[in-house]
Amino acid sequence: MTYFNKILLLGTGPTVIQLAVNFKNYYNSKVAIAGRESLRSIIFFETIVQHQLALKVYIQNTQHQSLAGECTIDAFFKGYHAISGNWDTVVLSVTTDSYLSVLAQIDTKVLKEASCFILISPTFGSSQLITNFLKNQSPQAEVISFSTYYGDTRWLGEVPSNEVLTTGVKKTVYIGSTYSKSDRLDKLSELFNHLGIHLKKLASPLEAETRNISLYVHPPLFMNDFSLKAIFDEKKITKYVYKLYPEGPITYTMIRQLLNYWKEMMVIVKHFNIQPLNLLKFMVDDNYPLQPESIARQEIENFNKLEPIHQEYLLYIRYASLLIDPFSRPNQEGRYFDFSAVPLRSIFKNHDGEWDIPRMPKEDYYRVKIIQGIATALKLECPTLDHFVQTYEEKLQQLVASSDNKIYSEAFQIKSFSQEIEMICKELILSKKTK
């Protein structure tokens, strides 16, 4: 049997163009892109029409040449309700908090024809959510989760177009399937081998979803008073995500919360027979490496066994060591590349003229609320996680209450995500029973 013959990509961000070029050129697939109707997506669709559905990927570093290329897609759909035709693979390249709303807009005939759903940037529990949703549509469909998107891709210019630039590529990406034996994973491994990326198969999509560094570091980095003040105050001096206080949020208190939150997450994942993660090793080996002089390999390997104060110390050293890129070349003054100068983005007016919240921490709010719901269902206490949620929700309430004359997007509303949590927990309970 052949796979990836007809691929439907959901989303209109830069990632979709990289995916389209890779799938089209490697599998010679029929490829279509669908997105919601918005002012931003109008620009995207108009541009690809002007270029007769041709897309192009540029790369920043020559070693990533295998990701570069161009292709011509076969179709596009303005609005998810407009999707028609037979597509064997549906790829979700939209934000995790929109998975349900996007799939609900698609004609059930289209969903029933699809035999595989791939989640490019899911969060913990996303595969369970999709599995539960598909029970009445396509119950036999395979659901595949990546741990994270495999690159760093942005528009070539400042606005959506048919051209993107991929500036970074991950060495390893984790993947899991709802099928215990999956030929599709083998086929995806071939593609990723061609791209120079190691695709590591795990026992389940849920386990792959635990191998995303954002899951562990974003809530402590963004859901604290320092970062939220920088994000929600319009007039401010720029502050930076990965810098030490007072330039950024990293203090010994934040490091302690990061450590405690990781430990709470590990208690949750153990309930589903998932191998606990060595946080420091994952940070160093799978994300950003350090010079060996910064932290000894023995300390990294034994991180899980160390005393909490020792663990905090090592995490602080890790962030301090990455204030600069330790592998960049110093200039004449001995200065290395300012690696940690990633600004905390502030609230902005969206295309509808509403005040909106940047993806970070908007997506992280969804992430922690889902995990909080799972923890509650398991009757587990997660005080650090609860603190992140409370800090964020109090900031939203304070801001909206103090600004009567401003129009805010729905992102400023306190959410329960109760429907998603209920659907995820149903599947988690079922999967636990069948093991």
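Colleague: Which helices flank the loop where N212 is found?

Modeller: N212 sits in the loop between α7 (205-209) and α8 (213-222). Those names are DSSP runs counted from the N terminus: H or I over at least four residues for a helix, E over at least two for a strand. Bear in mind that this is a predicted model, where local features need pLDDT of at least 70 and side-chain atom pairs pLDDT 80 or more, while totals for chains, interfaces and linings use all residues. Residues are numbered from 1 along each chain as its sequence is written, and side-chain values use heavy atoms, leaving out hydrogens and water.

Colleague: Why does N212 count as buried?

Modeller: Buried means under 20% relative accessible area, exposed over 50%, and partly exposed in between, with a 1.4 Å probe and protein chains only. N212 comes in at 8%, so buried it is.

Colleague: What does N212 touch?

Modeller: Leaving aside residues up to four places away in sequence, N212 touches P122, S147, T148, F282 and R367. Touching is contact: heavy atoms within 4.5 Å.

Colleague: And what makes the S147 pair a polar contact?

Modeller: A polar contact is a pair of N or O atoms within 3.5 Å; within protein, one must be able to donate a hydrogen and the other to accept it, and residues adjacent in sequence count only if both atoms are side-chain atoms. Here a polar side-chain atom of N212 lies 3.2 Å from the backbone oxygen of S147.

Colleague: On to α6. How do you know that its length fits a helix?

Modeller: The expected span is 1.5 Å times one less than the number of residues. For the 13 residues of α6 (residues 183-195) that gives 18 Å, and the end C-alpha atoms are 19 Å apart, so the two agree.

Colleague: Why do you say that the buried residues of α6 line one face?

Modeller: They are R184, L185, L188, S189, L191, F192 and L195. Looking down the axis, they fall within an arc of 165°, so they share one face of the helix. That arc is taken from the directions from the helix axis to the C-beta atoms. Their packing partners are α1, β7 (116-119), β8 (142-146), β11 (172-177) and β12 (198-201).

Colleague: What happens at the start of α6, and what just after it?

Modeller: At the start, a side-chain oxygen of S182 reaches to within 3.4 Å of the backbone nitrogen of R184. Just after the helix, G196 takes a positive phi of about 85°.

Colleague: Now the four-stranded sheet. What makes β4 and β9 edge strands?

Modeller: Two strands pair if DSSP finds at least two bridges between them. The open sheet runs β4-β3-β10-β9, with mixed pairing. β4 (69-72) and β9 (151-155) each have a single partner strand, so one side of each has no neighbour in the sheet. Neighbouring strands are turned by 25° against each other on average, direction ignored.

Colleague: How do you know that β3 and β10 pair?

Modeller: Strand β3 (residues 54-59) and strand β10 (residues 163-169) share four bridges in the parallel sense. Y58 stands opposite L165 in β10. Helix α1 (residues 14-27) packs on this sheet, touching β3, β4, β9 and β10, and its direction makes about 85° with that of β4. Such angles run from 0 to 180 degrees between N-to-C directions, on lines fitted to C-alpha atoms, for helices over the stretch in contact.

Colleague: What is the strand order in the eight-stranded sheet?

Modeller: This open sheet goes β5-β2-β1-β6-β7-β8-β11-β12, again with mixed pairing. Its edges are β5 (75-78) and β12, each pairing on one side only.

Colleague: Last one: what makes Q52 and N273 worth a look?

Modeller: Most residues other than glycine have a negative phi. Q52 has a positive phi of about 55° without being a glycine, and phi of N273, also not a glycine, is near 55°. Q52 has a relative accessible area of 68%, so it is exposed; N273, at 57%, is exposed too.
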